Amino acid sequence: SSNPLVGTWKLNIAKSKYNAGTAPKSSTTTIEAAGAGVKFTVDSVTADGTVRHWTYTTNIDGKDSPIVGNAAQGDAAAVTRVDANTTRTAYKKGGKVTVTQTSVVSADGKTRTNTSKGKDALGQLTDSVQVYDKQ
């Protein structure tokens, strides 16, 4: 695919930084082409052992897309494209923005860096830079 987001991305905990919130034990995001847009599938294990699995499909048009599963960020995601390698996601719970995330795929396509700020749907402060390696 010509979309640099598409692929399987594994969290590199050693390269990631958590100013607020706790690093998960593991996290993998699979992004696949879906019609005019992409489908995100996230599988993670939190620091306390909670298993999270959630998915959403978006056309990257800034419109809310429902999240299916147990995402801590909320129940919807609105994704916009900033440039060829950058997207911005507003996660929402009940229509209110909880977490804003900017995602940048490196020029070589091997890493994806997510900068997240806000409070998740559970009220936990989120301020992190997560580095994912393409698998």
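Lys10 of strand S1 has Thr28 as its bridge partner in strand S3, and Lys10 stands opposite Asp133 in strand S12. Strands here are DSSP runs of E of at least two residues, numbered from the N terminus. The model is predicted, so that local features need pLDDT of at least 70 and side-chain atom pairs count only at pLDDT 80 or more, while totals for chains, interfaces and linings use all residues. Residues are numbered from 1 along each chain as its sequence is written, and side-chain values use heavy atoms, with hydrogens and water left out.

**Strand S1 and its partners**

S1 runs antiparallel to S3, to which four bridges join it. S1 is also antiparallel to S12, through three bridges. Two strands pair if DSSP finds at least two bridges between them. S1 covers residues 7-11, with Gly7, Trp9 and Leu11 on a covered face and Thr8 and Lys10 on an uncovered one. In a regular strand the side chains alternate between the two faces of the sheet.

**The largest pocket**

Rolling a probe the size of a water molecule over the atoms shows where empty space is left. The largest pocket has a volume of about 790 Å³. A pocket is an open set of points on a 1 Å grid over the protein atoms alone, where a 1.4 Å probe fits, with protein on both sides within 12 Å along at least five of seven lines; lining residues have an atom within 4 Å of a point. The volume is the space filled by probe spheres set on the points.

Of the 37 lining residues, Thr22, Ala72, Gln73, Asp120 and Gln130 are the closest to the centre of the pocket. The lining divides into 15 nonpolar, 18 polar and four charged residues. Strands that each supply at least two lining residues include S2 (17-20), S3 (26-34), S11 (111-119) and S12 (125-134). The largest share, five residues, comes from S12.

**The nonpolar core**

The largest nonpolar core has 19 residues, of which Trp54, Tyr56, Ile67 and Tyr91 touch the most other members. Such a core is a set of buried Ala, Val, Leu, Ile, Met, Phe, Trp, Tyr and Cys residues joined through side-chain atoms within 4.5 Å. S1, S4, S5, S8 (76-83) and S10 each supply at least two residues of this core, and the largest share, three residues, comes from S4. Leaving aside neighbours within four places in sequence, Tyr56 is in contact with residues including Val38, Phe40, Ile67, Val79 and Tyr91. Contact means heavy atoms within 4.5 Å.

**Three buried residues**

Buried means under 20% relative accessible area, exposed over 50% and partly exposed in between, with a 1.4 Å probe and protein chains only.

| Residue | Place | Relative accessible area |
|---|---|---|
| Ile60 | loop between S5 and S6 (64-66) | 14% |
| Ser128 | strand S12 | 3% |
| Arg112 | strand S11 | 2% |

Phi of Ile60 is near 55°, a positive value in a residue other than glycine. Ser128 is in contact with Lys17, Tyr18, Asn114, Thr115 and Ser116, leaving aside neighbours within four places in sequence. Arg112, on the same reckoning, touches ten residues' worth of surroundings that include Leu5, Trp9, Ile31, Gln130 and Tyr132. The C-alpha atoms of Arg112 and Leu122, ten residues apart along the chain, are separated by 25 Å.

Conventions. Nonpolar A, V, L, I, M, F, W, Y, C, P; charged D, E, K, R; others polar.
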